[in-house]
Amino acid sequence: MNIMLLKEGKINVVFDRNDLASHGISYDKLDYKEPVTRKIFKEALDLAKRQVGFCADSGRLYVEAFPCLGGGCVVSFTKLSKDETAAEKITYDYIYEITGSDNFLSAVLLLKKSDSRYYVYKYNESYYFVLSLPFPPLSEYGEEISEPSMTLCALEEAGKRIKI
């Protein structure tokens, strides 16, 4: 299980196939009505509290799950304020594929000047910048990925996360 703090009030939890199998569950069988789903989510939220300070003890959460190619999944937990509806809180991750060291360095410098939260993966010969709104446009340096949830799953499984 891997916890990523995307921004204040939002985390992604990556469950690989073994995480799910150890609980006797798969992505297809995730259902909050089932005790096993509630148990694995509680474990993830407890770990998130210890690792990144994400406290979900009070208030409501918006939960989204996306399948990964290797049999795991990414579950996004977003805190909702008392007046917010889930539809108002949906935020989308954006992923840009950037090739070449010059484009990579230019994108890093641009993001360092902004207040954006982002992280970077190296996979094959490309760099993948995973961003949440707001962020400066990176289209000058690379290409936006059209299926960010599937790409994120693949990067979590096969890519190398780079600390910048």
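**Chat about a predicted model**

Colleague: Hi! In which sense do β2 and β4 pair, and over how many bridges?

Modeller: Hi! β2 and β4 pair in the antiparallel sense, and six bridges join them. Keep in mind that this is a predicted model.

Colleague: Noted. Which residue of β4 is the bridge partner of Asn 12?

Modeller: Asn 12 has Ser 76 in β4 as its bridge partner.

Colleague: And what is the strand order in the open sheet?

Modeller: The order is β1-β2-β4-β3, four strands with antiparallel pairing. At the edges are β1 (2-7) and β3 (60-67), each of which pairs on one side only.

Colleague: By how much are neighbouring strands turned against each other?

Modeller: On average by 20°, with direction ignored.

Colleague: Let's look at the edge, then. How many bridges join β1 to β2?

Modeller: There are five bridges between β1 and β2, and the two strands run antiparallel. Asn 2, for example, stands opposite Val 14 in β2.

Colleague: What about the hairpin of β1 and β2: how many residues sit between the strands, and which residue takes a positive phi?

Modeller: Two residues sit between the strands, and Gly 9 has a positive phi near 90°.

Colleague: OK, packing next. Which residues touch the most other members of the largest nonpolar core?

Modeller: That would be Ile 11, Val 13, Phe 15 and Phe 77, in a core of 17 residues. The elements giving two or more residues to this core are β2 (10-15), α2 (35-52) and β4 (73-80).

Colleague: Which element gives the most to this core?

Modeller: α2 does, with six residues.

Colleague: Can you zoom in on Val 13? What does Val 13 touch, leaving out residues up to four places away in sequence?

Modeller: On that basis, Val 13 touches Met 1, Asn 2, Ile 3, Ala 44, Cys 73, Val 74, Val 75 and Phe 77.

Colleague: Cys 73 caught my eye there. Is Cys 73 buried or exposed?

Modeller: Cys 73 is buried, because its relative accessible area of 0% is under the 20% cut-off.

Colleague: And where does Cys 55 fall?

Modeller: Cys 55 has a relative accessible area of 31%, so this residue counts as partly exposed.

Colleague: How many disulfides do you count?

Modeller: The count comes to zero. The rule asks for a pair of cysteine sulfur atoms within 2.5 Å.

Colleague: Fair enough. Changing topic: how many aromatic pairs does the structure hold?

Modeller: Six aromatic pairs. One of them joins Phe 41 and Phe 77, with 5.4 Å centre to centre and 85° between the planes, an edge-to-face arrangement.

Colleague: Which elements do Phe 41 and Phe 77 come from?

Modeller: Phe 41 belongs to helix α2 and Phe 77 to strand β4, so the pair ties together parts that are 36 residues apart in sequence.

Colleague: Are those two rings' residues buried or exposed?

Modeller: Phe 41 is buried at 7% relative accessible area, and Phe 77 is buried at 1%.

Colleague: What about the geometry of Phe 104 and Phe 129?

Modeller: The ring centres of Phe 104 and Phe 129 are 5.8 Å apart and the planes are at 50°, so that pair is tilted. Since Phe 104 lies in helix α4 and Phe 129 in strand β7, the pair ties together parts that are 25 residues apart in sequence. Both Phe 104 and Phe 129 are buried.

Colleague: Which residue forms one aromatic cluster with Phe 41 and Phe 77?

Modeller: Tyr 32 joins those two in one cluster.

Colleague: Back to β7, then. How do β6 and β7 pair?

Modeller: Strand β6 (residues 118-123) and strand β7 (residues 126-132) pair in the antiparallel sense over six bridges. Tyr 118 stands opposite Leu 131 in β7. The two strands form a hairpin with two residues between them, and Asn 124 in the turn has a positive phi of about 55°.

Colleague: And what does β6 do with β9?

Modeller: β6 pairs with strand β9 (residues 160-162) in the antiparallel sense, over three bridges. There, Lys 122 has Lys 160 in β9 as its bridge partner.

Colleague: Last one: where does Ser 101 lie, and is Ser 101 buried, partly exposed or exposed?

Modeller: Ser 101 is in helix α4 (residues 101-113). With 47% relative accessibility, Ser 101 counts as partly exposed. The C-alpha atoms of Ser 101 and Asp 16 are separated by 31 Å, and the two residues are 85 residues apart along the chain.

Note on methods. Residues are numbered from 1 along each chain as its sequence is written. This is a predicted model: local features need pLDDT of at least 70, side-chain atom pairs count only at pLDDT 80 or more; totals for chains, interfaces and linings use all residues. Side-chain values use heavy atoms; hydrogens and water are left out. Buried means under 20% relative accessible area, exposed over 50%, partly exposed in between (1.4 Å probe, protein chains only). Two strands pair if DSSP finds at least two bridges between them. A nonpolar core is a set of buried Ala, Val, Leu, Ile, Met, Phe, Trp, Tyr and Cys residues joined through side-chain atoms within 4.5 Å. Contact means heavy atoms within 4.5 Å. Axes are lines fitted to C-alpha atoms, for helices over the stretch in contact, and angles run from 0 to 180 degrees between N-to-C directions. Rings of Phe, Tyr and Trp (its six-membered ring) pair if their centres lie within 6.5 Å; planes under 30 degrees apart count as stacked, over 60 as edge-to-face and the rest as tilted.
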